[in-house]
Amino acid sequence: MRMSVVDVGSNTVRLVVADTEGGVPLPVHTAKWRLRLSEQVPPGGDVPDEAVRQLSEAVAAAARTAERWGASAPLAFATAVVRSAPNCRDVLRAVREETGVRLCTLPGEVEAELTFLGARRWMGWRSGPLALLDIGGGSLEVAFGRGRLPDFVASLPLGAGRLTHEFFGGQDIPSPDSVKALRRKVRHQLRDVAARIRWEGPRTAVATSRTFQQLARLCGASPGRHGPFVERELHRSDLARAIDRLAALPAAERSTLPGISVPRAAQSLAGAVVGHTTMKLTDLRSVTVCPWAIREGVFLRHIEDGPAWWAEVTHDDAGPTASLPSQAGPVALRIATPAG
């Protein structure tokens, strides 16, 4: 069977087409459309009409590409940048009317569950009790578990793009005071979640997302061209030094550093501060950078639980949030977090 997933993130729309015979999603084609939605949508603001038009065009192109590759209709979802917008329902409805693709949003906790599943499958059972960190453009997801799905998940409004707007807006080189203020907010928001991770004492810690991948490359990990099977680690001490390096440079110059792409250069400092603070508060000295994340988690959940769980998630695609069906698996313990 050939399946496709479309992931609408804060910077790009990504398509993955994969063969799923044998229970493992093996990619056969990937594509991306760079929209930089986070630059067009202010924190707490609506997705503007022009951004909706661009999003519809990208989703339509992804659906056509998936069809050319012989895949079924894509499982399409949007993350925090759309989920948090007051006009989220209108955006989802417009995309469906223009493209025929049922785009949905997932709660941050569900994103963490799916990302954990992808990381668990990649790392294997020998990794034991597993902690997961994922920094997106709009939110930070944290999870912990001993089995297939996590026992504990939390989603916090600590995305690299969101915090860059909030603390570094208009500053080409952020002031030391603004960096300290950002770190204080991360510590405050993470206090209870970090205490839970420390109490659990994970044997293995993994990090996913482009933010962590680029920070790991900046800190000396192998480049992506060496393939997904090269082990990559990010050490907290190296990340602390990277923060000083990033904070001293404007965004244009950060993009010349190893691993830091032009589209993510502006938010790389906020991502590094969130990553380092999270690792410090959770008492993690290093994390393994995992190439599998939410997209692979969607594939795996569909393979292992069948299409019913996704149909339940998307039964109201015009709504701002959805939840997994109770029969799809164990219910994760979640922490309610403030929206501000």
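Trainee: How much area does the protein expose, and what share of it do carbon and sulfur atoms supply?

Mentor: This is a predicted model, so the values are computed from predicted atoms. The exposed area is about 14300 Å², and 51% of that comes from carbon and sulfur.

Trainee: What does the radius of gyration say about the overall form?

Mentor: The value is compared with the one expected for a compact globule of equal length. For 340 residues that expectation is near 20 Å, and the protein has 19 Å, which agrees. Along the principal axes, the C-alpha atoms fill a box of roughly 50 × 45 × 40 Å.

Trainee: What percentage of the residues is buried?

Mentor: Buried means under 20% relative accessible area. Here 57% of the 340 residues fall in that class.

Trainee: Which residues touch the most other members of the largest nonpolar core?

Mentor: Such a core is a set of buried nonpolar residues joined through side-chain atoms. The largest one here has 46 residues, and Leu140, Leu156, Leu163, Leu182, Leu234 and Val287 touch the most other members. Helix H11, residues 265–281, gives the most to this core, with seven residues. Apart from this core lies another, of 29 residues, including Leu37 and Val81.

Trainee: What does Leu182 touch, leaving out residues up to four places away in sequence?

Mentor: Leu182 touches Leu163, Phe167, Phe168, Ala270 and Val273.

Trainee: How many helices and strands are there?

Mentor: The protein has 13 helices and 12 strands. Of its contacts with a separation of 6 or more, 69% join residues 24 or more positions apart.

Terms used
Residues are numbered from 1 along each chain as its sequence is written. This is a predicted model: local features need pLDDT of at least 70, side-chain atom pairs count only at pLDDT 80 or more; totals for chains, interfaces and linings use all residues. Side-chain values use heavy atoms; hydrogens and water are left out. A nonpolar core is a set of buried Ala, Val, Leu, Ile, Met, Phe, Trp, Tyr and Cys residues joined through side-chain atoms within 4.5 Å. Buried means under 20% relative accessible area, exposed over 50%, partly exposed in between (1.4 Å probe, protein chains only). Helices (H or I, at least four residues) and strands (E, at least two) are DSSP runs, numbered from the N terminus. Contact means heavy atoms within 4.5 Å. The radius of gyration is taken over C-alpha atoms; the globule rule is 2.2 Å times the number of residues to the power 0.38. Accessible areas come from the Shrake-Rupley method with a 1.4 Å probe; for residues, only the protein chains shown count as cover.
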